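Work through these exercises with the model open beside you. Try each task before reading its solution.

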Amino acid sequence: MSSSEGCFGVHAVQALLDTRPDQILEIWFQRGKRGGRIDHLIQQAEETGIPVRFVDRERLERKADGNHQGVVAMVREARVYRENELYELLDNLSEPPFLLILDSITDPHNLGACLRSADAAGVHAVIVPKDNSAPLNGTARKIACGAADTVPLVTVTNLARTMRELKERGIWMIGTAGEASSNIYTTDLVGSLALVMGAEDKGMRRLTREHCDALVHLPMSGTVSSLNVSVATGVCLFEAVRQRIKA
């Protein structure tokens, strides 16, 4: 059998069935747990020809790192792209590149949420450093709701070097920082663009920051000082989408 991992939760498994059923090796359901959404998943899996097994709850819990809701899909390991594949992807684009760079995002929940927003916003690829970055595991895939299989996730050995090479291709680097004087809504986000997001607690690393062409902040009106990084990513991506639609 191919190397596999667990993708768990009703929504995540439904998204896989709808978009990438070829990635599913088999689906485990909790024995005795039935109902509307579970029954629908069982029926869809059987109609698609995907093997179905009914197992004890304890076995599901050993396979899932979170709330499995009675279903775990055994899937082929998520594909992670190499740096050279990023440049092949860029060479084949027929529109200005729209990229998301995540620097030191170590929580799989945040990675999954960022991938989901990236997919919705039409991002061509998400770039992360090979080290000090969250793995594309079952938790990330559950939160991504299928986006982990539709948006290329590219790992690079040296993020600063990759940013330099992208800049040489004419891609504008916009980083986010709370102390920046410019705000996201007054910054031009049209054209070849890479949006750079840093870790929630420390922000971007020094070299990452130095390779940005401009830094922007999100205006905050309340008492909190910052947003969760995945929420901030969604806000920034869709401001770029708004501007690109108008352009």
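**Exercise 1: Two helices**

In this predicted model, helix α4 (residues 83–91) packs with α7 at an angle of about 20 degrees, and their axes lie 12 Å apart. Classify the direction of α4 relative to α7, give the handedness of the crossing, and sort the contact residues by class.

Solution.
- Step 1. Take the angle of about 20 degrees. Angles under 35 degrees count as roughly parallel. So α4 is roughly parallel to α7.
- Step 2. Look at how α4 and α7 cross. The crossing is right-handed.
- Step 3. List the contact residues. From α4 come E83, L86, Y87 and L90; they meet R161, T162, E165 and L166 of α7.
- Step 4. Sort them by class. The contact holds 4 nonpolar, 1 polar and 3 charged residues.

**Exercise 2: The sheet**

Find the edge strands of the sheet, then describe how β8 pairs with β11.

Solution.
- Step 1. Write down the strand order. The open sheet has 7 strands, β7-β6-β5-β10-β8-β11-β9, paired in parallel.
- Step 2. Read off the ends. β7 (153–156) and β9 (182–183) are the edges; each has a single partner strand, so one side of each has no neighbour in the sheet.
- Step 3. Turn to β8 (residues 172–176) and β11 (residues 214–217). They pair in the parallel sense over 3 bridges. G175 has L215 in β11 as its bridge partner.

**Exercise 3: Helices on the sheet**

Which strands does α5 touch, and which does α7 touch?

Solution.
- Step 1. Helix α5 (residues 108–121) packs on the sheet and touches β5 (98–103), β6 (125–129) and β7. Its direction makes about 170 degrees with that of β5.
- Step 2. Helix α7 (residues 159–168) also packs on the sheet, touching β5, β6, β7, β8 and β10 (193–198). The direction of α7 makes about 160 degrees with that of β5.

Notes: Residues are numbered from 1 along each chain as its sequence is written. This is a predicted model: local features need pLDDT of at least 70, side-chain atom pairs count only at pLDDT 80 or more; totals for chains, interfaces and linings use all residues. Side-chain values use heavy atoms; hydrogens and water are left out. Two strands pair if DSSP finds at least two bridges between them. Helices (H or I, at least four residues) and strands (E, at least two) are DSSP runs, numbered from the N terminus. Contact means heavy atoms within 4.5 Å. Axes are lines fitted to C-alpha atoms, for helices over the stretch in contact, and angles run from 0 to 180 degrees between N-to-C directions. Angles under 35 degrees count as roughly parallel, over 145 as roughly antiparallel, 65 to 115 as roughly perpendicular and the rest as oblique. A crossing is left-handed if the near helix is turned anticlockwise from the far one by less than a right angle, and right-handed if clockwise. Ala, Val, Leu, Ile, Met, Phe, Trp, Tyr, Cys and Pro count as nonpolar, Asp, Glu, Lys and Arg as charged, and the others, Gly among them, as polar.
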